[in-house]
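Got the viewer open and a selection box ready? Here is a tour, stop by stop, with what to pick next and what you'll find there.

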There are 2 protein chains.
Amino acid sequence: MVSVLTKVCKGRPREFDVDEALAAALRVFWSKGYEGASLTDLTDAMGITRPSLYAAFGNKEALFKKALDLYEREKLAYIGEALSAPTSREVAERLLTGALEMQTSECEPRGCLRVISTISCGQEADSVRADLMARRGSSHRAMLDRMQRAKDEGDLPPHVEAEAMTNYLLAILQGMSVQASSGASREQLQEVVRTSVAVWPGK
Amino acid sequence: MVSVLTKVCKGRPREFDVDEALAAALRVFWSKGYEGASLTDLTDAMGITRPSLYAAFGNKEALFKKALDLYEREKLAYIGEALSAPTSREVAERLLTGALEMQTSECEPRGCLRVISTISCGQEADSVRADLMARRGSSHRAMLDRMQRAKDEGDLPPHVEAEAMTNYLLAILQGMSVQASSGASREQLQEVVRTSVAVWPGK
DNA sequence: CTGTTTATATACCGTTCAGTATAGAACAGA
DNA sequence: TCTGTTCTATACTGAACGGTATATAAACAG
């Protein structure tokens, strides 16, 4: 009997590791954007041929979405952790430092894949745009809920709205991504984080 | 005798208005980015043929730089005006509202052309990247000088650095551009502006 | 061993890309 | 009218794009 875990299949076994190939594809999309990444760029980085890519991942669009899944699972994990902080100021600080760490890593592309893709994705890749919008929407909602909770708890002053604080904080995070993409140093972004935390109106 | 101003040239006269064509090209680059704008997109919008474009503007890259010049002259004029405001808070408020007005105009593409181009411009268009970096550098320097003056005048508290405030404010402006590009409403951005001004630490 | 199934390698498909060669059309001066 | 100059229109170039047809190689079951 064959183990379910080893998952032995019938035909010729695959010669590459799907997860490794996907991680390589993620790095390509991350540094070049969806449309800027050509199939040649992708297959070169993944170390596989075009037919192998299509057999394993479907097409470029499906590969991108799987890469986005991996990105959110591995690189955006700090968001969920940050939102569980006790105060809104600490939430903001953890989100900002998390973004800082992630976007200025030495061994990874700069900036946020979502921001890069949203900006650089042309109108023709409509399905990709819609997918990015939906993913951003769920993050936005999570942050909004957390800010609303902060307001309910008296953590944020009454004259600021949860929605406004959410969009304000998101703007700083997205702006940091723009600066990271265009080569800002970790120290520069560190000062943005420090300033943002310093002026944060809540507890 | 022929007037110097009318500039009558020898051969067949040009059948299109160079300024109008450049304005049309600007709108294409603005909505699609440098690499996303194809020559077909450009010539269709400009109402001219490919050889006419090359004769009048050189090539795609030169056309883009001329479009950037026009953009900065006509659409970023608010920056210089904002920097002459008396207090740092007013500077910030005018920069933010200027960006808001410009980036959410009904009859123009959303977001900031510089941000869009910086993010979506691949490594291959190296000269374009360098040009964008230089342009951003000069804006950054102007803002930094203004923030330094604010510090010298006691307008900003002593514990915040001019450089940090500059990068912080720039991040918000760039984040607003990201949000505008991805379809945020004017009201949403208005709240980002209001929040940013509300938490501004200076006079 | 023979089939069957799946993965790989190569070479190709039609389309679009930025850029251009060529020929004709519209002007000025002679 | 003739010539020189400059713009326009059409059609084209080689390269790159995303995606695939075809043939072969490597595993399994019988």
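What percentage of the 203 residues in chain A is made up of buried residues? The figure is 51%, and keep in mind throughout that this is a predicted model.

**Stop 1: chain A as a whole**

Select chain A and show it as a cartoon. You should count 10 helices and 0 strands. Read from the N terminus, the element order is α-α-α-α-α-α-α-α-α-α. Switch to the C-alpha trace and turn it along its principal axes: the spans are about 65 × 45 × 30 Å.

**Stop 2: the annotated spans**

Now colour residues 15–75 of chain A, which an unreviewed UniProt entry lists as "domain: HTH tetR-type". That span is 75% helix and 0% strand, and its end C-alpha atoms lie 27 Å apart. Next, give another colour to residues 38–57 of chain A, where UniProt (unreviewed entry again) puts the annotation "DNA-binding region". Here the chain is 80% helix and 0% strand, with 15 Å between the end C-alpha atoms.

**Stop 3: a charged patch**

Pick A:D17, A:D19, A:E20 and A:E74 and show their side chains. They gather on the surface as a patch of negative charge. Zoom in on A:E20, which sits in helix α1 of chain A, residues 18–32. Is A:E20 buried or exposed? A:E20 counts as exposed, because its relative accessibility is 58% and the cut-off for exposed is over 50%.

**Stop 4: a buried alanine**

For a contrast in setting, go to A:A99 in helix α6 of chain A, residues 88–103. With a relative accessible area of 1%, A:A99 is buried. Then add A:C112 and draw a distance between the two C-alpha atoms: A:A99 and A:C112 are separated by 8.3 Å, and they are 13 residues apart along the chain.

**Stop 5: salt bridges**

How many salt bridges does the structure hold over all chains? There are 24, and a few deserve a look.

- Start with A:E191 and A:R194, whose closest N and O atoms are 3.9 Å apart. Both residues belong to helix α10 of chain A (residues 186–199), 3 residues apart, or about one turn of the helix.
- Move to chain B and select B:E101 and B:R186, a salt bridge at 3.5 Å, N to O. This pair links distant parts of the chain: B:E101 is in helix α6 (residues 88–103) of chain B, B:R186 is in helix α10 (residues 186–198) of chain B, and 85 residues separate them. Colour by accessibility and you'll find B:E101 partly exposed at 46% relative accessibility, while B:R186 is partly exposed at 31%.
- Stay in chain B for B:D131 and B:R135, whose side chains meet at 2.7 Å, N to O. Both lie in helix α8 of chain B (residues 126–152), 4 residues apart, about one turn of the helix. Why do these two count as buried? The cut-off is under 20% relative accessible area, and B:D131 comes in at 19%, with B:R135 at 12%.

**Last stop: a network in chain A**

Go back to chain A and select A:D69, A:E72, A:R114, A:D131 and A:R135 together. These residues are linked in a network of salt bridges. Show the side chains as sticks and trace the links from one residue to another.

How values were computed. Residues are numbered from 1 along each chain as its sequence is written. Chains are lettered from A and ligands numbered from 1 in the order in which they are written. This is a predicted model: local features need pLDDT of at least 70, side-chain atom pairs count only at pLDDT 80 or more; totals for chains, interfaces and linings use all residues. Side-chain values use heavy atoms; hydrogens and water are left out. Patches are made of residues with over 30% relative accessible area and no salt bridge: like charges are joined within 9 Å, nonpolar side chains (Val, Leu, Ile, Met, Phe, Trp, Tyr) within 5 Å. Accessible areas come from the Shrake-Rupley method with a 1.4 Å probe; for residues, only the protein chains shown count as cover. A salt bridge is a side-chain nitrogen of Lys or Arg within 4 Å of a carboxyl oxygen of Asp or Glu. Lys and Arg count as positive and Asp and Glu as negative; His and the chain ends are not counted. The place of a charge is taken as NZ of Lys, CZ of Arg, CG of Asp or CD of Glu. Helices (H or I, at least four residues) and strands (E, at least two) are DSSP runs, numbered from the N terminus. Buried means under 20% relative accessible area, exposed over 50%, partly exposed in between (1.4 Å probe, protein chains only). UniProt positions are given in the numbering used here, feature names are shortened, and annotations may be inferred rather than shown by experiment.
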